[in-house]
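Subject: Structure for you to look at

Hi there,

Here is the structure I promised to pass on. Please open it alongside this message, and then read on for what turned up.

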Amino acid sequence: MQKLLGASEEDDEEEMEMDVKEEDDEDEENGEKHIAAQMMMGIDGVMASTSSSSGQFQHQQQLQEQVSTPGGGARRSRPLEEKERTKLRERHRRAITARILAGLRRHGNYNLRVRADINDVIAALAREAGWVVLPDGTTFPSRSQGSRPAGGTSAGMTSSSSQMVSQQAPPTSLPGASSGYCTSAEYNACHMKGVFMPTPSPYDLSSSARSQSSGMVGDGGEQTESLPLIAGSMEVINDKQIIGLPPKLPERDFAGTPYVPVFVMLPLGVINLKCELVDPDSLLKQLRVLKSINVDGVMVDCWWGIVEAHAPQEYNWNGYRRLFQMVRELKLKLQVVMSFHECGVNVGDDVCIPLPHWVAEIGRSNPDIFSTDREGRRNPECLSWGIDKERVLRGRTAVEVYFDYMRSFRVEFDEFFEDGIISMVEVGLGPCGELRYPSCPVKHGWRYPGIGEFQCYDQYMLKSLRKAAEMRGHSFWARGPDNAGSYNSQPHETGFFCDGGDYDSYYGRFFLNWYSQVLVNHGDLVLSLAKLAFTGSCIAAKLPGIHWWYKTASHAAELTAGFYNPCNRDGYTAIVAMLQKHGAALNFACAELHFLEQHEDLREALADPQGLVWQVLNAAWDVCIPVASENALLFHDRIGYNKILDNLKPVNDPDGRHFSSFTYLRLCPLLMEGQNFMEFERFVKRMHGEAVLDLQV
């Protein structure tokens, strides 16, 4: 912010000075001063910019020759050319400003006036960062930010061990790290060190990431600052101009930070459909390697479709027992997932594990046991919440089936619970094991960033809706919305989700409240039985990160998934309250969502991963429930790991809160390759609060 402000003031002063001097360009002495001043400002502008061209370099050499040449015969013939160049620069500057303002209005929801100038942009950005900007321009930090050094910069160079890379500032509910930039002396001193690097590091930030930098508060409360990320800038060393390489950036030092356990998710097909352990020798070697770098344990799905595949209450745990024994021998911990959903229908699924065969047989005669959309398409990915209390599964309700399965697991592996090998049980509550409706099925044509569709049209869900409408006294409300679009619609294309749409009408609020409450009730029922089955053990539930269309008023994608979270309502408080009721932890797949914010498709979808993350975290931490996390995208680079570290161990949290554990998805040959594995080992050490060398990226 300070750098932007300084640059704008310097540009304005430069243009004003040039205009004044051009009026007196007939005077030889004034003309000479004009050219000299212009040359110096041109060089300063190049040094402060993020890129420079060969044309600028040649132009500066010409100016140097004109000033240093005795007589300077050409210097009095330049005024007209300089005026034209000034006009071109002004047009170019205004065009850039217009595009910036248009982008902020369209994608950032900034309320900027039509003829806004750079002061309006700076004020809007400052207010979003939590600063107070008065009408006369007086600017100061809000109380939530605490005091800051005057000017926002430190007096000298700060320790590299207390710096971090491009930390995103969270909302004011969790005050963000303060922004700051190095002084020109500090920057030049640091940047010159990077000039002589022979080749860029493979961990240098991408061009999109180089456009941002921010500061942080060090361990001792001292204001520290990250260096500007500049590529291809021009520097002066020994009176010669050279093109500089981007500097190595210091990383945040996590030595001494809280210990956060790291688990690795095993492959989806580690147990085959016959409940046999696949390639145990190869797996044992991989587990030994993970143990050698002090990984805390592994996570594995216990598939309902494998264990109870052929007949009700006939369970086969053989493959899982052999796997668990292997894990115990290596003194690793286990996190297990009670997976009551189908595998193979989502992005990243490399195996196919359907629901139990006997359930599929029931579904052929009674397809209403599956979630159903408005067109009547069934989704056998998981069972409908409508049969949670309906005895349609060979005399049992759905929640009774889930409970019998969990109780069988607890009895079968009692010794692993007693020895503390099994440290957590995550209970599957929907598609992908997440607490949500299957509103975005790829098999039905959904593609990102479609809003999805409501899944409430099986006979059991419609029965529940009719009952709720009658209790409200409006039986004609016993229907789903008829103007909610289709899977790939966008909010503004529908009458239900558009701004001022029916989602906020009396009927809309009734329907969405019922729809979301059914989801919460489903989680409440299943977790109450899980708590009974796994008494004394930690249980958890998983929430998805549905961040697209978050910047719209309706939050359409969240509404179809069952989260009643429009802009005027918090849809996650009821969910975390339910988790707190059962002493359950929250597993939120959000670790690297901040890393996605520069993607163009996210901006087009008005997505806000960071806003969603901090809303859910604040809701969970407000009721003091543990929060675990896992990555949604596969990566092996240092930048990705740094983003996870920054998110899981927030440096600016006033209460010192952090995530309880992290699970890396997933174990694969690519992870075990040389450089990839070295980076992962380094990441594990930093998650454990250990010191590492080479704190640079």
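Below are some notes on the chain as a whole, two helix pairs and one proline.

Please keep in mind that this is a predicted model.

**The chain overall**

The protein chain contains 20 helices and 16 strands. It has 697 residues, and 53% of them count as buried. If you take the contacts between residues at least 6 apart in sequence, 75% join residues at least 24 apart. The exposed area of the protein chain is about 31200 Å², with carbon and sulfur atoms supplying 52% of it.

**Helices α13 and α14**

The first pair I would like you to view is α13 (residues 459-472) with α14 (residues 506-533). Their axes come within 11 Å and cross at roughly 130°. An angle of that kind falls outside the ranges for roughly parallel, roughly antiparallel and roughly perpendicular, so α13 is oblique to α14. The crossing of α13 past α14 is right-handed.

On the α13 side, the contact is built from Met-461, Ser-464, Leu-465, Ala-468, Ala-469 and Arg-472, while α14 brings Phe-510, Phe-511, Trp-514 and Val-518. Sorted by class, the residues where α13 touches α14 are 8 nonpolar, 1 polar and 1 charged.

**Helices α19 and α20**

The next pair is α19 (residues 638-648) and α20 (residues 674-687), whose axes come within 10 Å and cross at roughly 15°. Because angles under 35 degrees count as roughly parallel, α19 and α20 are roughly parallel to each other. Here, too, α19 passes α20 in a right-handed crossing.

Which residues of α19 and α20 meet? From α19 come Arg-638, Tyr-641, Asn-642, Ile-644, Leu-645 and Leu-648, and they meet Glu-679, Phe-680, Arg-682, Phe-683, Arg-686 and Met-687 in α20. The contact of α19 with α20 has 7 nonpolar, 1 polar and 4 charged residues.

**Pro-609**

Finally, a single residue to click on. Pro-609 lies in helix α18, which covers residues 609-622. Is Pro-609 buried or exposed? Its relative accessible area is 2%, and buried means under 20%, so Pro-609 is buried. Measuring C-alpha to C-alpha in the model, you will find Pro-609 and Lys-551 9.9 Å apart in space, with their positions 58 residues apart in sequence.

Happy browsing, and do write back with your thoughts.

Best wishes

Definitions and conventions. Residues numbered from 1 in each chain as written. Predicted model: local features only at pLDDT ≥ 70, side-chain atom pairs only at ≥ 80, totals over all residues. Heavy atoms only, no water. Axes fitted to C-alpha atoms, helices over the stretch in contact; angles between N-to-C directions. Helix = DSSP H or I, 4+ residues; strand = E, 2+ residues; numbered from the N terminus. Parallel < 35°, antiparallel > 145°, perpendicular 65-115°, else oblique. Left-handed = near helix turned anticlockwise from the far one by under 90°. Contact = heavy atoms within 4.5 Å. Nonpolar A, V, L, I, M, F, W, Y, C, P; charged D, E, K, R; others polar. Buried < 20%, exposed > 50% of the residue type's maximum accessible area, 1.4 Å probe, protein only. Areas by Shrake-Rupley, 256 points an atom, 1.4 Å probe, with all protein chains shown as cover.
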